[in-house]
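The following note is offered to a colleague who is meeting this structure for the first time. Its numbered points may be read alongside the sequence and the model.

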Amino acid sequence: MKKLILASAALAFWAGAARAEIKVVTASSDLRYICERVGGAEVKVESLSSGDQDLHMVEPRPSMVFKLKKADMVVRVGLDLDMWMDSLINAAKNGRLFYGQPGYVDASAGVPLLEKPEGKVDASMGDIHIYGNPHYWLDPANSKIMAGNILAGLKRAAPEKAAVFDANYGAFVRELDVKLAGWEARMAKYKGLKVITYHSSWPYFARRFGLDVAGHVEPKPGIPPSASHLDGLMKKMKAENIKVILTESYYPRKGPDFLAGKTGAAVVTAAVSAGGAKDVKTYFDVFDRVIEGLEKAAGK
Ligand SMILES: [Zn+2]
């Protein structure tokens, strides 16, 4: 009996090992979500960051190199948001994942960029967002392009599963289209609504849903607010009757709370990625929750 159990355990182990799962490592939890949707049962996906992390500030760790060593495919946000992955990919020495190789996927490829710098980049623009604004996933429509890039990568990794990936991609896009129509309908009444955001994470979201981002708590991307910057912002909010401050969940509340206290504005704290809060489990939840927050702050 014991022998039989051992034999069947060995068989189960062998079957598990023989199952050709595509191992994918993503930079963000949103990319993990989209990759799991497109890859379905054929993929095992790990994200190097969690949904409540500022993607500009992820600290490379040896455990991440270990994950990349074993991966078949890597999916990056791209631009300058996950530059911290460069050193990790180099350290992993996994030829499949080098730039231009079949296992390298930049999810931003083909996304029309906002805030793309014209001409020379100089230090007055700050140290980040140097290739354009990298927070493009906050326009849900861009997830079709992201999913399309992932789909192409998965087909390179396992061409024999192409039909499965195509079907999964189709289902994802159909669900997205239904949700997007719902979000657009709910946001229609806020066209032109002026908001202050902490970081410049929201231009894609704002363009999609017609919000007017009138200022940022940060004077430049990545630069914490000074007292004089907050004072100027407070005056602007009073003069223009701006009543909503949208802040990403990982930033300090001090600046937004100060502004809210002086102007009577409401602060909406938003998780910007899947897993960023208890009630934000998926990429789609990001939009459900932030729109709920805006409805509460701005009035239905
Ligand atoms: Zn940023």
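1. Helix H8 (residues 227–240) packs against helix H9 (residues 254–263) with the axes 10 Å apart and at an angle of about 40°. H8 is therefore oblique to H9, since the oblique class takes in angles that are neither under 35 degrees, nor over 145, nor from 65 to 115. The crossing of H8 past H9 is right-handed. It should be kept in mind throughout that the model is a predicted one.

2. The residues that make this contact are, on the H8 side, Leu230, Leu233, Met234, Met237 and Lys238, and, on the H9 side, Gly255, Phe258, Leu259, Lys262 and Thr263. Sorted by class, the contact of H8 with H9 comprises 6 nonpolar, 2 polar and 2 charged residues.

3. A second helix pair is formed by helix H3 (residues 62–70) and helix H4 (residues 84–92), whose axes come within 8 Å and cross at roughly 60°. This angle makes H3 oblique to H4. Here too the description includes a handedness: H3 passes H4 in a right-handed crossing.

4. Which residues bring H3 and H4 together? From H3, Met64, Val65, Leu68 and Lys69 take part, and they meet Leu88, Ile89, Ala91 and Ala92 of H4. The contact of H3 with H4 contains 7 nonpolar residues, 1 charged residue and no polar ones.

5. Turning to the strands, an open sheet is built from 4 strands in the order E2-E1-E3-E4, with parallel pairing. Strand E2 (43–47) and E4 are the edge strands, each pairing on one side only. On average, neighbouring strands of this sheet are turned by 20° against each other, direction ignored. Strand E1 (residues 22–26) runs parallel to E2 and is joined to E2 by 5 bridges. Within this pair, Ile22 stands opposite Val43 of E2.

6. The loop between strand E4 (104–106) and helix H5 (142–157) contains Leu138. Is Leu138 buried or exposed? Leu138 is buried, because 24 other C-beta atoms lie within 10 Å, and the class begins at 20. Apart from neighbours within four places in sequence, Leu138 contacts Ser201, Trp202, Tyr204, Phe205 and Val272. The C-alpha atom of Leu138 is also separated by 9.4 Å from that of Tyr283, although these residues are 145 residues apart along the chain.

7. His129 is likewise placed in the loop between E4 and H5. His129 counts as buried because it has 25 C-beta neighbours inside 10 Å. Its backbone merits attention: the phi of His129 is near 65°, a positive value in a residue other than glycine. Most residues other than glycine have a negative phi.

8. Asn241 also has a positive phi, of about 55°, although it is not a glycine. Asn241 is located in the loop between H8 and strand E7 (244–248). With 10 other C-beta atoms within 10 Å, Asn241 is exposed; the exposed class covers counts of 12 or fewer.

9. A final point concerns Lys179, which is found in helix H6 (residues 162–187). Lys179 counts as partly exposed because it has 14 C-beta neighbours inside 10 Å. The C-alpha atoms of Lys179 and Asp288 are separated by 9.0 Å, while the two residues are 109 residues apart along the chain.

Conventions. Residues numbered from 1 in each chain as written. Predicted model: local features only at pLDDT ≥ 70, side-chain atom pairs only at ≥ 80, totals over all residues. Axes fitted to C-alpha atoms, helices over the stretch in contact; angles between N-to-C directions. Helix = DSSP H or I, 4+ residues; strand = E, 2+ residues; numbered from the N terminus. Left-handed = near helix turned anticlockwise from the far one by under 90°. Contact = placed C-beta atoms within 7 Å. Nonpolar A, V, L, I, M, F, W, Y, C, P; charged D, E, K, R; others polar. Pairing = 2+ DSSP bridges.
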